[in-house]
Amino acid sequence: MTDRVASGRPGVPWRSGASGASGRPVGWVAGPAGVEGWLAGLVRVLACATVFAAPLEGYLLQVHGHLAKAPSALLVLAWAVLRARQRRAPEPHPAHVVLVALAVVLLASWAVHAGGPFATGYAVRWLPFLLITVVLIDVVSREAPLRAVLVATVAGAVVAAVGALAGLVAEGQTRAAGPLEDPNDLAYFLVAALPLVVALRHRVPTAVAAVVLAAGAAATFSRGGALALTAAVAWLLARRAVPLRALAGGVAALAVLGVAAVLFAGPELDRAVREKTHVAGTNVDTRELRWQAAARMVAEHPVLGVGPGGFREGYPAASNNAEIDEQTPVAHNMYLEVAAELGVPGFALFAALLVLTAATGERVRRTTDDPLPIVAVQASLIAVVVASTFLSQQYYLPLWSLVAVVAAADLRLRRASDVACAPRDQ
């Protein structure tokens with residue numbers, strides 16, 4: 001028996017090769033090497049494809065209207081078939097309870113407000129994220145190595161950043177948006193992925209990915225993205241996950257790129273800054289109006305809110321028609337929008353999911369022998385939480401995939417701990 005098993009330490013949940021008492025990897029899928037083995041491999045690929053494709057939604061929609069949904073839909077289908085053949089239910093986790101309760105509140109709010117013009121469409125947007133979170137928790141806790149999922153997340157964001165920077169140069173855009181319509185949404189994806197690069201093992205690809213993501217985020221001129229990235233970097237520094245030398249090198253590389261941008265595209269950069277400065281003042285005013293309207297909705301409909309998508313429908317009345325040229329906006333604050341649309345119970349469950357994820361991540365960090373990946377995930381979650389103060393991001397995957405990764409890491413550690421303790425109990 002190894003020292004790790006003898007000491008009861010559960011080991012490292014990020015590696016697919018952590019062995020149990022039988023010598024098979026923890027999370028190993030029993031079954032023949034035929035159909036079940038093929039399905040398990042397919043599920044692994046689709047899990048990585050789902051997180052990879054998330055920031056590339058715009059590009060995929062240009063090819064076909066439903067192509068952006070294909071990876072997640074195929075993942076759910078392959079997962080369901082695999083678990084049916086194995087006759088195995090997902091291993092329970094406290095996150096499942098919160099997700100199910102949130103789904104119940106969502107459906108109740110939808111039922112009450114089903115007549116609204118946006119209710120069905122937004123409920124249908126909500127439910128797949130809840131389902132894919134459950135599926136990812138199960139798949140990443142068993143079939144898909146957690147590090148592979150993080151690599152796929154970073155890779156998708158890098159492709160999105162490269163596309164955005166290329167579009168910025170080729171099309172003369174003033175702000176990088178790439179595969180997404182809103183530069184702020186692109187910044188959200190990039191700053192959520194950037195902390196995850198510290199979990200990668202190869203120095204040169206890691207450094208290149210970090211610079212590309214940072215440059216892409218900077219080119220969006222998103223203030224919320226900048227604040228989110230600052231908070232994430234502060235966490236990484238506090239946890240000593242990033243050496244100061246590496247951070248200084250990254251800042252220097254960005255400075256060189258900035259100087260090059262000034263030298264070769266000075267007029268365009270000046271125009272972008274002036275446009276952003278003009279838009280920034282308007283954004284502050286409009287967001288304040290929308291936040292006030294959302295708060296009124298919560299006060300007037302505290303139980304089940306105004307229904308999925310109800311903020312857009314009710315905004316003119318709640319704001320006293322404050323924006324003549326924008327009658328159906330989003331709240332630009334994830335928390336207020338969730339509270340307005342799903343009521344206090346829905347918001348409480350949504351907040352509980354975030355708190356549970358944060359607490360679980362800290363427990364994993366304290367328990368595992370390799371804390372670097374979970375520290376990176378924690379920093380990414382911080383970036384998501386901060387950026388979502390200025391954006392309505394409950395309809396994008398980074399939040400939900402991070403919840404799934406943390407819960408999956410927790411399940412892997414529990415399973416490894418049970419294996420480690422088994423010999424002493426016999």
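**Figure 1. Burial across the whole chain.** In this predicted model, 49% of the 426 residues of the protein chain count as buried. The chain holds 15 helices and zero strands. About 19100 Å² of the protein chain is exposed, and carbon and sulfur atoms supply 66% of that area. Take the contacts between residues at least 6 apart in sequence: 80% of them join residues at least 24 apart.

**Figure 2. Confidence along the chain.** Before we zoom in, here is a look at how far the prediction trusts itself. The average pLDDT of the protein chain is 85, and 83% of the residues score at least 70. Helix H5 (residues 94-112) has the highest confidence, at 97, while helix H1 (residues 3-7) has the lowest, with a mean of 36. Around that helix, residues 1-9 have a pLDDT below 50, and the model gives this stretch 13 contacts beyond near neighbours in sequence. A further stretch to view with care is residues 17-32, where pLDDT stays under 50 and the model has 27 contacts beyond four places in sequence.

**Figure 3. Helix H2 packed against helix H7.** Two packed helices are described by the angle between their axes and the distance between the axes. For H2 (residues 35-53) and H7 (residues 146-170), the angle is about 30° and the axes are 7 Å apart. The two helices cross in a right-handed sense. On the H2 side, the contact is made by Cys 48, Val 51 and Phe 52. H7 brings Ala 148, Val 149, Ala 152, Thr 153, Ala 155, Gly 156 and Val 159. Sorted by class, this contact has eight nonpolar and two polar residues, with no charged ones.

**Figure 4. Leu 46 and its partners.** Stay with helix H2 for this view, since Leu 46 is placed there. Is Leu 46 buried or exposed? Its relative accessibility is 11%, under the 20% cut-off, so Leu 46 counts as buried. Setting aside neighbours within four places in sequence, Leu 46 is in contact with Pro 71, Leu 74, Leu 75 and Ala 78. You can also pick out Val 76, which is 30 residues from Leu 46 in sequence, with 9.0 Å between their C-alpha atoms.

**Figure 5. Thr 133 inside its surroundings.** Thr 133 sits in helix H6 (residues 119-142). Its relative accessibility is 0%, so Thr 133 counts as buried. Which residues does Thr 133 touch, not counting those up to four places away in sequence? They are Leu 99, Trp 400, Val 403 and Ala 404.

**Figure 6. Arg 240, a loop residue with positive phi.** Most residues other than glycine have a negative phi. Arg 240 has a positive one, near 55°. You will find Arg 240 in the loop between helix H10 (223-238) and helix H11 (244-300). With a relative accessible area of 78%, over the 50% cut-off, Arg 240 is therefore exposed.

**Figure 7. Asn 320, another loop residue with positive phi.** Here the backbone of Asn 320 has a phi of about 55°, a positive value although the residue is not a glycine. Where does Asn 320 lie? Look in the loop between helix H12 (310-318) and helix H13 (334-367). The relative accessibility of Asn 320 is 65%, so this residue counts as exposed.

Note on methods
Residues numbered from 1 in each chain as written. Predicted model: local features only at pLDDT ≥ 70, side-chain atom pairs only at ≥ 80, totals over all residues. Heavy atoms only, no water. Axes fitted to C-alpha atoms, helices over the stretch in contact; angles between N-to-C directions. Helix = DSSP H or I, 4+ residues; strand = E, 2+ residues; numbered from the N terminus. Left-handed = near helix turned anticlockwise from the far one by under 90°. Contact = heavy atoms within 4.5 Å. Nonpolar A, V, L, I, M, F, W, Y, C, P; charged D, E, K, R; others polar. Buried < 20%, exposed > 50% of the residue type's maximum accessible area, 1.4 Å probe, protein only. Areas by Shrake-Rupley, 256 points an atom, 1.4 Å probe, with all protein chains shown as cover. pLDDT = per-residue confidence, 0-100.
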